[in-house]
Structure formats: structure tokens, C-alpha cells
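Colleague: I've got the picture up and I'm keen to work through it. Walk me through it one question at a time, please.

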Amino acid sequence: MERSTDVIIVGGGLSGLALADHLEQAGIAYLILEARDRLGGRIKVGEYNDSFVDLGPSWFWPGQYRIADAVKRFGLKQFNQYAAGTLSFEDQNGEVHRNMGYASMEGSYRVKGGMTSVIKAYAGALDETKIITDAPVKTARLTNGVEVVLENGTVVKGQKLVLAIPPRVASNIVYEPALSVPEIQALQAIPTWMGGQAKFVAVYDEPFWRKEGLSGDAMSRHGPMVEIHDASDMQTETGALFGFVGVPVHVRKGHNEDVAQAALQQLGRLFGEKALKPAKVFYQDWAEEPETSSEMDANPLGGHPSYGLPYALSNLWDGRLMLGSTETASQFGGFIEGALERAEQLANEIVADRNV
Ligand SMILES: Cc1cc2nc3c(=O)[nH]c(=O)nc-3n(C[C@H](O)[C@H](O)[C@H](O)COP(=O)(O)OP(=O)(O)OC[C@H]3O[C@@H](n4cnc5c(N)ncnc54)[C@H](O)[C@@H]3O)c2cc1C
């Protein structure tokens with residue numbers, strides 16, 4: 001089978017969808033090819049009754065105006081991260097102390113219905129015939145234009161190819177002609193933000209800790225979770241707590257059940273008996289997902305990397321091959337805002353190029 005378009009967008013995460021949105025408005029043809037059977041990439045939620053819990057990103061922050069604008073444009077609701085009440089701290093012996101530390105996510109914003117509300121809104125604004133899921137791109141070719149080959153052999157031809165996928169994941173695609181060694185090395189040198197993280201979420205029929213004066217925020221030196229927050233959706237009766245798992249990737253691999261059990265016990269220590277009886281739990285290990293993470297992402301990052309597009313990757317195939325994930329945004333790289341920033345920048349370049 002063969003299809004053709006103007007701009008081939010590989011990846012239906014936020015950056016790919018936002019780029020498509022810009023192109024749609026500029027009247028430029030595109031096709032999104034998404035490897036998974038769902039859109040959103042790192043943005044994913046778990047569902048319980050009418051509430052949604054974020055299994056990927058939860059927050060955006062003041063000053064991130066693109067995501068704030070998108071929330072407004074699509075009529076979504078933002079709300080403040082719940083942080084009122086007493087903080088908890090678990091020492092290395094599993095002993096719990098109250099009121100130590102500070103609410104590290106106080107002042108951040110969340111989106112009602114979870115971050116996938118943003119994905120659903122972007123996807124809903126696009127022409128659905130221009131989005132193909134279950135379409136992993138395996139090969140990218142420079143011809144007199146560009147073309148990609150999907151796992152099922154379908155060939156898609158275009159004029160420009162945007163890889164809106166984490167750079168390390170992009171290094172697994174077969175390029176014809178091959179990218180140079182410095183180019184592949186440059187792709188692999190860019191860590192996937194949060195690619196080595198796992199989240200445990202417990203959903204309850206009510207946020208009982210709030211009534212007990214606890215904020216839901218906790219830090220732990222005992223684990224398996226190192227940082228815990230209230231993850232309740234807005235305006236539902238349901239409550240939720242989530243934590244980032246601090247167990248190294250190679251240790252937790254193959255032990256999801258054990259880690260989840262230990263995480264639940266930890267919530268019991270921190271928030272009492274009621275925490276041991278969740279209505280539902282979710283465990284999401286992003287290190288296990290090859291569409292997000294590579295083995296290189298198993299090593300914990302010391303801090304937030306300085307992202308942006310390195311010179312070696314700035315003019316691939318004479319500008320026909322472009323990188324588009326959040327990691328290639330210079331100001332907000334890694335964040336949701338970075339995915340929107342890079343989409344905007346690429347759209348400007350593509351439109352300018354067309355007008356030359
Ligand atoms: C646990 C966790 C917590 C986070 N918390 C926050 C937060 O609170 N706030 C914040 O701002 N950011 C946070 N982030 C980061 C945020 O999720 C990302 O910035 C954002 O989602 C990146 O979007 P993207 O479109 O650039 O990449 P992605 O979401 O990774 O999208 C890439 C897409 O490409 C697809 N793909 C990959 N390979 C191929 C292929 N060969 N062919 C076709 N498709 C392919 C993937 O399936 C995916 O859908 C968090 C991330 C994680 C994992």
C-alpha cells in the first residue's frame with residue numbers, strides 16, 4: 001500500500017498532534033503515523049468510574065503559556081495541585097514524621113479529566129483520516145522527497161519528515177542513506193525526559209487523608225516510592241495518591257507486582273489503614289515501553305538536562321528530516337510546554353519554507 005502527503009509526522013504524542021494542528025490551520029497536508037494503538041505518547045491516564053489519574057505527566061506551571069492557552073482554547077478546566085495540610089516524611093527505617101519539608105508541587109496546575117483531555121482535544125480538532133495508529137515507522141528514506149516504511153510494509157511519501165519521537169527512540173529507525181555516526185551519537189546523547197520513571201497510583205472512593213489534615217504529599221527515604229502526591233481528579237468524589245518509584249530500572253524489571261504491593265504497604269505506613277484498601281491501583285513503568293524509552297534511559301538523570309536541538313541534528317537531509325519531540329525544544333525541553341514550543345517552532349519553519 002502507498003500513501004502520500006506533504007509533511008509526514010512520526011509520533012502522535014502532544015508534539016506531533018500540536019504540529020498537525022498548526023499545519024491544519026496553515027492549509028499544509030500532513031499525516032500522523034503513531035506506533036501505539038492510542039495517541040498521547042507519554043500522556044496517558046488510568047480510569048476509575050468518572051475520574052482519571054495521570055500515569056504520565058500531571059502538572060504544568062505558571063509561565064507555561066502555550067499549555068495554558070490550549071486549556072483555554074479547548075474549554076478544558078485547570079485546577080491547583082492539592083497541597084493543603086500536613087506533609088509526611090518517611091525516614092530510611094520506614095518511620096513516619098509529619099510536617100517535615102515542603103509541598104514541592106504547590107502552585108502547579110492540573111487538568112480536569114487528566115492530561116489526556118488535552119490530547120483528546122487536539123485530536124478532536126484534526127481530521128481523523130490524517131491520523132493512523134498502530135503504525136510504527138521502521139525505515140526513513142531520502143528520495144527526491146522523503147518516504148517512510150511502516151512495519152506492515154506500507155510506504156508513505158512526503159516532502160518533509162518530522163520525527164516527533166524521543167531522539168533516542170529515533171536512533172532505532174533505519175535511515176537510507178544512513179545517518180552519520182556523529183548524528184546517531186547526537187540522537188543517543190539526548191535523554192528521554194522521565195523515560196526511566198515508573199508511577200504507582202492508588203484510587204480511593206474518597207480522599208480520606210484530606211479529612212485527616214494530610215496533604216497527600218510525602219517524601220521517602222525508605223521507598224519504594226520516593227515522592228508522593230495527591231492525584232485526585234477535580235470535582236469527583238474519588239481520591240487518588242500517586243508516587244514516583246525510586247527502585248532502579250534493572251532491579252524492578254520483571255517485578256511489577258512486588259513493587260506495586262510494596263508501594264501500597266508504603267501508603268499504609270504514611271496515610272494509615274484506609275490507604276491499604278484502594279478501589280483500584282495502576283502501575284505504569286515507562287522504562288518498559290520502547291516507544292518512549294531506551295536502555296540508555298535506565299540510568300537516573302542528575303537533574304533536568306539542558307535540552308534543545310544540537311547543531312549536528314539541525315539540518316538533516318538538507319532540512320527534509322526534522323526532529324520534533326519536547327527534548328528538542330530549547331526553552332521548555334522535557335516538559336509538556338516544550339512539546340508545544342517545538343511544534344510551534346517547526347510549524348513556523350515549515351510554513352516559511354513553503355513561502356520561499
Ligand atoms: C512519568 C512522567 C511524568 C511526567 N511529568 C510531567 C509533568 O508533570 N509536567 C510536564 O510538563 N511534563 C512531564 N512529563 C513529560 C511529558 O510527558 C512530555 O514532555 C510530553 O508528553 C512529550 O510529548 P512528545 O509528543 O514530545 O513525546 P511523546 O509523548 O513521547 O510522543 C512520542 C510519540 O511517538 C510515538 N512513536 C515512537 N516511536 C515511533 C515510531 N517508530 N513510529 C511511530 N510512532 C512512534 C510514541 O508512541 C509516542 O506516541 C512526564 C513524563 C513522564 C513519563
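**Around the ligand and beyond**

Colleague: Which helices each supply at least two residues of the shell around the ligand?
Modeller: This is a predicted model, where local features need pLDDT of at least 70, side-chain atom pairs count only at pLDDT 80 or more, and totals for chains, interfaces and linings use all residues. Residues are numbered from 1 along each chain as its sequence is written, and side-chain values use heavy atoms, with hydrogens and water left out. Helices are DSSP runs (H or I, at least four residues; strands are E, at least two), numbered from the N terminus. The ones you want are helix H1 (14-26) and helix H9 (336-355).

Colleague: How many residues surround the ligand?
Modeller: A residue counts as near if one of its heavy atoms lies within 4 Å of the ligand. Ser15, Glu34, Trp59, Gly334 and Ile336 are the closest, and the full number is 36.

Colleague: How much of the ligand's accessible area does the protein cover?
Modeller: Start with polar contacts, which here are pairs of N or O atoms within 3.5 Å. Ligand oxygen atoms sit 2.9 Å from a polar side-chain atom of arginine 36, 2.6 Å from a polar backbone atom of glycine 334 and 2.8 Å from one of isoleucine 336. On its own the ligand has 1000 Å² of accessible area, and the covered part is 97%. That area comes from the Shrake-Rupley method with a 1.4 Å probe.Colleague: In the shell around the ligand, how many residues are charged?
Modeller: Ala, Val, Leu, Ile, Met, Phe, Trp, Tyr, Cys and Pro count as nonpolar, Asp, Glu, Lys and Arg as charged, and the others, Gly among them, as polar. Sorted that way, the shell has 21 nonpolar and 11 polar residues, and its charged residues number 4.

Colleague: Which proline follows glutamate 176 through a cis peptide bond?
Modeller: Most peptide bonds are trans. This one has omega of about 0°. It leads into the loop between strand E15 (174-176) and helix H5 (181-188), and the residue is proline 177.

Colleague: Where is aspartate 134 found?
Modeller: Most residues other than glycine have a negative phi. Aspartate 134 has a positive one, near 55°. Its place is the loop between strand E10 (131-132) and strand E11 (137-142).

Note on methods. Polar contact = N/O pair within 3.5 Å; in protein donor to acceptor, adjacent residues only side chain to side chain. Areas by Shrake-Rupley, 256 points an atom, 1.4 Å probe, with all protein chains shown as cover.
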